[in-house]
Amino acid sequence: MAAGGSSETETGNVEAEEDREDVFTVEIHRGPHGLGLALVDGTKTPLRISGIYVKSVVPDSPAARCQKLRTGDRILAVNGVSLVGMDYNVGRELIRSSGDTLRLLVAKMDTKSSSETSATN
């Protein structure tokens, strides 16, 4: 009986972790053609959630070379300034005007690796 109880708990933990966001920091040095990031307002996507999201990463750009940013990632802050709750156009302009080196705080919604992570923890 104890084994059955623990497997139910384990399944519960996996379900709870499916919506977990991995948050990480990435530093990107702006190149001659910018960062190589196309951004999108989360309210204009099927998510319908306010926020600044990565729409795409330009191949062979500074953003692509860092190998961490993916379509669907949410940018939470730039150089220590929170973008959470900020108007999309204001946040996008802040990213554009933030100098040659940007430290981005990024949330990755990644349900596949969160189940792998829970198996290893």
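**Figure 1. The lining of the largest pocket holds five nonpolar, two polar and three charged residues.** This is a predicted model. The pocket shown encloses about 170 Å³ of space. Its lining is made by Arg30, Gly34, Leu35, Gly36, Leu37, Leu39, Tyr88, Arg92, Ile95 and Arg96. Two elements, β2 (37-41) and α3 (88-96), each give two or more residues to this lining. Which element gives the most? Helix α3 does, with four residues. How can empty space be found at all? A probe the size of a water molecule is rolled over the atoms, and this shows where space is left.

**Figure 2. The whole protein has four helices and six strands.** Starting at the N terminus, the order of elements is α-β-β-β-α-β-β-α-β-α. The protein has 121 residues, and 31% of them count as buried. Its accessible surface is about 7700 Å². Carbon and sulfur atoms account for 52% of that surface. Now look at contacts between residues at least 6 apart in sequence. Of these, 62% join residues at least 24 apart.

**Figure 3. Asp73 sits in a loop between a helix and a strand.** The helix is α2 (62-65), and the strand is β4 (74-78). Is Asp73 buried or exposed? Asp73 counts as buried because its relative accessibility is 2%, and the cut-off for buried is under 20%. What does the side chain of Asp73 meet? It makes a polar contact with the side chain of Lys108, at 3.0 Å. Set aside the neighbours within four places in sequence, and Asp73 still has a list of contacts. Phe24, Ile52, Tyr53 and Val54 are among them. So are Lys68, Val106, Ala107 and Lys108. Lys108 therefore appears twice in this view: in the contact list and in the side-chain polar contact of buried Asp73.

**Figure 4. Thr101 in strand β6 pairs its side chain with that of His29.** Strand β6 covers residues 101-109. The two side chains are joined by a polar contact of 3.0 Å. How far apart are Thr101 and His29 along the chain? They are 72 residues apart, yet their C-alpha atoms are separated by 4.4 Å. Thr101 also touches Glu27, Ile28 and Asn79, leaving out residues up to four places away in sequence. Thr101 is partly exposed, with a relative accessible area of 35%. That value lies in between the limits for buried, under 20%, and exposed, over 50%, so the residue falls in the middle class.

**Figure 5. Arg48 has a positive phi, although it is not a glycine.** The angle is about 55°. Most residues other than glycine have a negative phi. Where does Arg48 lie? Arg48 is in the loop between β2 and β3 (52-57). Arg48 has a relative accessible area of 66%, so it counts as exposed.

**Figure 6. Asp60 also has a positive phi without being a glycine.** Its phi is about 60°. Which loop holds Asp60? Asp60 is found between β3 and α2. Is Asp60 buried or exposed? Asp60 is exposed because its relative accessibility is 65%, and the cut-off for exposed is over 50%.

Notes
Residues numbered from 1 in each chain as written. Predicted model: local features only at pLDDT ≥ 70, side-chain atom pairs only at ≥ 80, totals over all residues. Heavy atoms only, no water. 1 Å grid on protein atoms, 1.4 Å probe; cavity = no way out; pocket = protein on both sides within 12 Å on 5 of 7 lines; lining within 4 Å. Points joined across faces, edges and corners; volume = space filled by probe spheres on them. Nonpolar A, V, L, I, M, F, W, Y, C, P; charged D, E, K, R; others polar. Buried < 20%, exposed > 50% of the residue type's maximum accessible area, 1.4 Å probe, protein only. Contact = heavy atoms within 4.5 Å. Areas by Shrake-Rupley, 256 points an atom, 1.4 Å probe, with all protein chains shown as cover. Polar contact = N/O pair within 3.5 Å; in protein donor to acceptor, adjacent residues only side chain to side chain.
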